[in-house]
Amino acid sequence: MKYAAKAQTPLGEVLLASDGSYLTGVWFAGQKYYGAGMDNDIIYDQHIPVFTQTVSWLQRYFSGENPKIHELLLAPAGSTFRQIVWKILCDIPYGHVRTYGDIAAEVAVYNGIKTMSAQAIGGAVGHNPISIIIPCHRVVGSNGSLTGYAGGIEKKQRLLAAEGVDMSKLSI
């Protein structure tokens with residue numbers, strides 16, 4: 001079975017998705033790739049335990065706490081390449097940013113190759129189905145540009161500012 005629920009955040013409504021045990025999606029309303037991978041056979045149920053845990057996690061996050069990603073059971077659907085990128089995103093510390101190039105270099109090392117395209121990393125980051133929790137908002141361009149957030153640049157700015165990131169070093 002596939003389940004869905006909606007939750008409110010200070011940045012607007014999010015859609016939550018689950019297979020009943022694991023969280024498989026968190027998307028802002030209107031986000032690019034909203035509900036990607038969900039089919040028509042969805043049961044809306046706010047009371048699935050992983051949804052209750054996710055709502056609590058999000059409330060703590062938006063209250064200025066730093067809840068840990070591993071507190072939630074995550075199962076984002078994607079290729080092996082995307083899974084590697086999303087795991088790297090989970091390792092970006094709260095309140096810090098990394099560049100697409102940094103992540104490309106790490107993926108290249110992981111795969112035993114010389115280089116990796118930052119654009120390929122951007123594609124994987126952009127298709128992250130678990131926004132906020134898998135912190136794709138912590139990825140910036142090599143020149144500090146706030147680019148490539150499927151939820152919108154304004155939301156990216158607000159998430160980074162809420163985490164205490166020095167926004168004076170970043171640009172649109």
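This section describes the sheet, the helix packing and selected backbone features of a predicted model.

The sheet is open and consists of four strands in the order β3-β2-β1-β4, with mixed pairing. Strands β3 and β4 occupy the edges. Each has a single partner strand, so one side of each is left without a neighbour in the sheet. Neighbouring strands are turned by 30° against each other on average, direction ignored. Helix α1 packs on this sheet and touches β1 (2-9), β2 and β3. The direction of α1 makes about 145° with that of β2.

Strands of a sheet pair through backbone hydrogen bonds, either parallel or antiparallel. In the model, β1 and β2 pair in the antiparallel sense over seven bridges. These two strands form a hairpin with two residues between them. Tyr 3 has Ser 18 of β2 as its bridge partner. Strand β2 (residues 12-18) is also joined to β3, by five bridges, and the two run antiparallel. Ser 18 recurs here, with Leu 23 of β3 as bridge partner. Further along, Leu 16 is bridged to Val 26 of β3, and Val 14 to Phe 28 of β3. The hairpin of β2 and β3 has four residues between the strands. Within this hairpin, Gly 20 takes a positive phi near 110°.

Burial was examined for β2 and β3. Five of the seven residues of β2 are buried, so β2 is largely enclosed by the rest of the structure. In β3 (residues 23-28), five of the six residues are buried. Strand β3 is therefore largely enclosed by the rest of the structure as well, although it stands at an edge of the sheet.

Two packed helices are described by the angle between their axes and the distance between the axes. For helix α2 (residues 80-90) and helix α4 (residues 118-126), the axes come within 9 Å and cross at roughly 80°. Helix α2 is therefore roughly perpendicular to α4. On the α2 side, the contact is made by Phe 81, Arg 82, Val 85, Trp 86 and Leu 89. On the α4 side, Ala 120, Ile 121, Ala 124 and Val 125 take part. By class, this contact has eight nonpolar residues, one charged residue and no polar residues.

Helix α5 (residues 153-162) has a buried side. An α-helix has 3.6 residues a turn, so residues three or four places apart point the same way. In α5, Lys 156, Leu 159 and Leu 160 are buried. These residues cover an arc of only 95° around the axis, which puts them on the same side of α5. The buried residues of α5 pack against α1 (49-62), α3 (100-111) and β6. The face turned away from the buried side carries the exposed residues Glu 154 and Ala 162. Gly 164 follows α5 and has a positive phi, near 85°.

Lys 156 was considered further. This residue has a relative accessible area of 0% and is buried, because the limit for burial is under 20%. Leaving aside neighbours within four places in sequence, Lys 156 is in contact with Tyr 100, Cys 136, His 137, Val 139, Val 140, Leu 146, Thr 147 and Tyr 149. Lys 156 and Ser 79 are 77 residues apart in sequence. Their C-alpha atoms are 25 Å apart in space.

Positive phi values also occur at residues other than glycine. Tyr 33 has a positive phi of about 65°. The place of Tyr 33 is in the loop between β3 and β4 (42-44). With 33% relative accessibility, Tyr 33 counts as partly exposed. Ile 132 has a positive phi near 70°. Ile 132 is found in the loop between α4 and β6 (139-140). In contrast to the partly exposed Tyr 33, Ile 132 is buried, with a relative accessible area of 1%.

Terms used
Residues numbered from 1 in each chain as written. Predicted model: local features only at pLDDT ≥ 70, side-chain atom pairs only at ≥ 80, totals over all residues. Heavy atoms only, no water. Axes fitted to C-alpha atoms, helices over the stretch in contact; angles between N-to-C directions. Parallel < 35°, antiparallel > 145°, perpendicular 65-115°, else oblique. Contact = heavy atoms within 4.5 Å. Nonpolar A, V, L, I, M, F, W, Y, C, P; charged D, E, K, R; others polar. Buried < 20%, exposed > 50% of the residue type's maximum accessible area, 1.4 Å probe, protein only. Pairing = 2+ DSSP bridges. Arc of directions from axis to C-beta.
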